[in-house]
Amino acid sequence: MDKTIQDLVNHQTEKYILPFLWMRGEEEQVIRGEIARIYDCGIRGICVEARPHPDFAGPGWWHDLDIVMEEAKQRGMRVWVLDDAHFPTGYANGLIEKKYPFRKKTYINYNTVDVLGAQNEVTIHINPMLKPKTSWLDIGKPIDKEEQKNNKLISVVAGKLVTDGMINEDLIDLTDRVEGDFLTCTLPEGPWRIYVIYETKTDGGNPKYINMIDEDSVSTQLEAVYQPHFERYNDEFGKTFAGFFSDEPAFGNVNGFDFNESIGRRDMTLPWSEEAKTLLSESLGEHWRVFLPYLWNSSEEMNHCVHTRYTYMDIVTRLYEKNFSNQLGKWCEEHNVEYIGHVIEDNDQHSRLGSGAGHFFRALSGQHMSGIDVIGGQVIFGGAGLERRGIFKGDGEFYHYTLGKLGSSYGHLDPKKKGRTMCELFGAYGWKLGVRDMKYILDHLVVRGINYLVPHAFSMREYPDFDCPPHFYARGHNPQFKHFAHLMHYANRLCHIFNGGRHVAPVAVLYHGESEWAGEYLKMQKPARALTENQIDFDFVSLDMLNNLESYNGKLENNHLIINGEEFKCLVIPYSQYITKELAAFIKNAGGLEIIFLDGKPEGISNVVDKQEVSELLKSIETCKVVSISELASELRANGIFDIKLTNAFKDLTYYHYVKENNIYMFQNESAHETFSGDIELSGGEFVIVYNGLENKFEKLAVRKENGKSIICLELKPYESCVLFVSAETLGGEYEKYRPCSLKLNECGERRDLSKDWNYSLVKNIEYPDFGNVHHLKELVPISKEHPTFTGIIKYEKEIELVEVPNQGILSFEYIYEAVELWINDEYVGMKVCPPYVYDVANYFRKGINTIRVEVATTLDRDRFNHPEPPFIVWHDPIDPTGMFGKITLSLS
């Protein structure tokens with residue numbers, strides 16, 4: 001028998017789930033009780049969230065964490081610690097403010113003065129230009145005037161204005177003409193803009209945070225958080241104490257979450273350090289200061305301007321990688337623990353400054369797993385590709401077609417990650433999010449390669465806790481807690497299947513980060529969507545990987561690009577106005593690798609200014625194909641660059657191909673309304689086992705051979721997914737034959753409508769199973785029509801009479817909101833956490849009178865109306881009905 005199948009049959013899986021446990025200084029019995037509830041879910045890891053705790057890294061914290069560690073050790077669980085007192089990571093538990101104010105964030109900023117029509121020399125007062133302009137709007141705002149006195153002049157540069165604020169690239173360096181606080185100069189004819197660029201610690205983001213591109217400043221994070229935990233728990237480091245989790249660390253050069261801090265596109269202060277200054281001067285030459293205006297202002301020629309922006313972003317993202325991510329990662333390696341977490345990826349912020357980290361791959365370089373998050377309504381059932389509307393507008397195309405793949409790609413391709421990608425999920429969706437949509441989100445992520453999960457969150461605060469619900473236990477109030485536990489067992493099984501092997505994908509798509517820094521570009525979610533909707537799998541590859549294949553166990557061989565064991569037949573490059581000289585060199589030396597530019601070839605080289613050299617480098621791309629987005633899938637299929645094939649197109653079928661002992665495929669129907677039913681062509685395999693992970697059930701799937709290909713037929717309704725184990729030889733074991741639900745229903749000659757005359761009773765989850773008074777429903781309607789604010793468990797009961805025991809019986813419920821358990825004749829039939837709500841029930845019926853009991857668990861969404869309005873509302877959601885209604889059909893044969 002296949003080892004993975006044997007593990008699943010024997011319930012032998014590893015530890016892939018580590019939910020957040022929010023610590024607020026609760027009493028000991030509460031902490032121990034919550035950990036017991038986590039353990040009851042089959043979860044064997046905890047990620048301790050320090051943000052709400054009143055005494056992080058103080059006596060109160062150590063007292064509470066000692067309890068967590070003791071409980072975890074006794075139960076064989078592993079503990080991770082979020083690595084700061086506040087969100088996001090980088091506060092260093094206040095140590096910058098308390099001990100190292102000279103280590104706080106440093107920036108460069110600028111002011112301008114326009115000299116228009118001057119015929120004689122002009123004098124500029126420089127000193128007031130070394131701080132931001134202010135107006136009456138700033139009256140009353142705190143300003144650190146003492147720190148502003150330390151601002152330093154870097155350069156004074158004049159640029160000739162062309163139009164609309166654009167300047168000519170013949171810049172004049174006026175820095176040496178500054179005497180004292182004044183610049184006196186005579187400029188050539190025409191309109192000029194003078195830039196005064198200065199270094200500051202006051203003009204940007206939170207001054208209490210570390211400077212991500214300064215090694216000493218980042219070491220404060222280690223001193224404040226990592227080292228104290230090691231000193232207290234060093235004997236358990238690498239054992240019960242698993243490691244640290246960084247939550248959305250960022251450059252933080254501006255405050256807030258606008259998601260638009262793209263270099264050259266937003267006027268903002270910029271990250272800075274002494275090391276950045278040194279590297280910039282080495283890269284741009286002795287006159288480096290004269291080029292600084294290009295970081296904010298575009299030029300008519302866009303030659304030196306592009307080069308300066310690219311060079312700056314390349315430097316600061318590499319410093320973030322070296323001084324923050326790698327410094328923390330190396331410390332963890334030296335102390336036998338792991339470093340994990342994620343940055344803000346939302347709406348392409350992964351390649352930007354501000355709340356972003358500038359470059360997704362560099363930002364996570366030091367981490368031992370790749371990582372993303374899916375919270376706050378990013379991935380929504382039925383919402384593929386659609387804009388999100390909440391506090392911020394959300395790019396649904398990015399969330400559905402790029403985010404999961406971006407994370408898993410790094411997990412696949414970086415040897416350090418060992419094939420592992422973590423996702424923080426479910427948090428801040430609101431109480432409306434129940435196990436039905438959790439299952440969809442979970443499948444959506446796993447089918448894209450996510451294989452470690454950080455569910456958000458277990459909160460020990462008294463219910464209701466308004467902070468980023470849902471909360472899975474909610475101090476016993478969540479009606480779906482046991483259903484959540486069922487889902488977590490399923491999640492752990494899925495993650496076990498897709499760990500320890502190798503992903504198979506025919507296409508590599510180039511990460512768009514460097515393209516955005518330089519000029520116009522096509523977002524990588526465009527090809528990602530085209531490929532996903534045509535069942536052509538891919539990974540995102542970074543330019544750093546292509547430039548340094550050896551570090552990623554990579555090579556070019558037999559016209560394929562190989563990275564860490566994955567073989568790509570094609571490299572797809574989304575349109576980029578400029579590419580780097582390194583990418584041009586890779587293309588030149590790529591041999592027979594198929595390389596496709598989408599929607600156009602580049603017009604320049606971002607890190608070269610010499611026009612002759614640019615011309616020579618661009619010759620390397622002359623023979624590359626240019627294909628439109630709409631033609632991409634058909635072009636690849638015409639060249640045999642695909643892995644599976646559908647007989648009939650179905651854009652919402654997603655898949656994942658993985659190799660362990662045998663080939664493994666996962667399929668998910670992501671449509672909200674349509675059933676997938678059809679043939680799928682696989683590359684090979686004589687024997688196929690289809691696995692229903694929710695029920696831990698295996699069935700044998702028929703295989704048809706055509707032209708050396710293996711053809712299978714699957715049926716997946718909305719919310720459904722499955723895993724296939726495919727082998728050239730028998731997989732062993734005795735399995736029932738897979739038959740689609742529609743086929744079983746067609747075999748049933750009798751249909752009985754059970755939609756009328758049900759008794760029902762209600763109970764709050766905290767009081768279960770003490771149901772209240774029994775009521776009667778002649779016609780099934782949502783319980784919310786009679787009890788609009790009720791949340792809890794709804795019990796339905798009725799009797800039916802059968803004249804004989806059926807050979808086959810299928811009980812189908814049209815609408816249930818949203819988790820259900822079924823008993824027939826007081827025998828437990830099973831649990832369903834999402835549609836389709838269909839049960840095989842023939843073995844539970846007997847001749848004569850039969851009792852049917854259905855228990856439906858609501859979410860806590862409607863209970864909001866029983867409590868004061870929360871202090872903030874992230875978005876407005878439609879409210880689901882509760883209970884079961886619509887057609888209930890018993891099909892018999």
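Is K104 buried or exposed? In this predicted model, K104 counts as buried, because its relative accessibility is 11% and the cut-off for buried is under 20%. K104 sits in the loop between α4 (95–98) and β4 (106–115). Setting aside neighbours within four places in sequence, its contacts are I96, D144, E147, K201, P207, Y209 and N211. For contrast, take another loop residue, E804, found between β44 (793–802) and β45 (809–817). E804 counts as exposed, because its relative accessibility is 56% and exposed means over 50%. From the C-alpha atom of E804 to that of P415 it is 61 Å, with the two positions 389 residues apart along the chain.

Strand β4, which comes after the K104 loop, belongs to an open sheet of five strands. The order runs β7-β6-β10-β4-β12, and the pairing is antiparallel. At the edges are β7 (172–173) and β12 (270–272), each of them pairing on one side only. Two bridges join β7 to β6 (residues 152–160), again in the antiparallel sense, and A158 stands opposite I172 in β7.

Next come the salt bridges, 60 in count. One of them brings the side chains of E70 and R32 together at 3.1 Å, N to O. E70 is in helix α3 (residues 59–75) and R32 is in helix α2 (residues 28–40), so this pair ties together parts 38 residues apart in sequence. E70 is partly exposed, with a relative accessible area of 38%, while R32 is buried at 19%.

K526 and E397 make another such pair, at 2.8 Å from N to O. This one links distant parts of the chain, 129 residues apart: K526 is in helix α14 (residues 525–532) and E397 in helix α10 (residues 396–413). Here K526 is partly exposed, at 34% relative accessible area, and E397 is buried, at 11%.

K149 and E146 also form a salt bridge, with their closest N and O atoms 2.9 Å apart. K149 is exposed, with a relative accessible area of 61%, and E146 counts as exposed too, at 53%. Elsewhere, salt bridges link R24, R51, R461, D465 and D467 in a network.

What about empty space? The second largest pocket holds about 1,300 Å³. Its lining is made of 49 residues, and those nearest the centre are N692, E695, K697, K832 and D840. Strand β47 (residues 827–832) gives the largest share of that lining, five residues. Sorted by class, the lining has 27 nonpolar, nine polar and 13 charged residues.

Technical notes: Residues numbered from 1 in each chain as written. Predicted model: local features only at pLDDT ≥ 70, side-chain atom pairs only at ≥ 80, totals over all residues. Heavy atoms only, no water. Pairing = 2+ DSSP bridges. Helix = DSSP H or I, 4+ residues; strand = E, 2+ residues; numbered from the N terminus. 1 Å grid on protein atoms, 1.4 Å probe; cavity = no way out; pocket = protein on both sides within 12 Å on 5 of 7 lines; lining within 4 Å. Points joined across faces, edges and corners; volume = space filled by probe spheres on them. Nonpolar A, V, L, I, M, F, W, Y, C, P; charged D, E, K, R; others polar. Buried < 20%, exposed > 50% of the residue type's maximum accessible area, 1.4 Å probe, protein only. Contact = heavy atoms within 4.5 Å. Salt bridge = Lys/Arg side-chain N within 4 Å of Asp/Glu carboxyl O.
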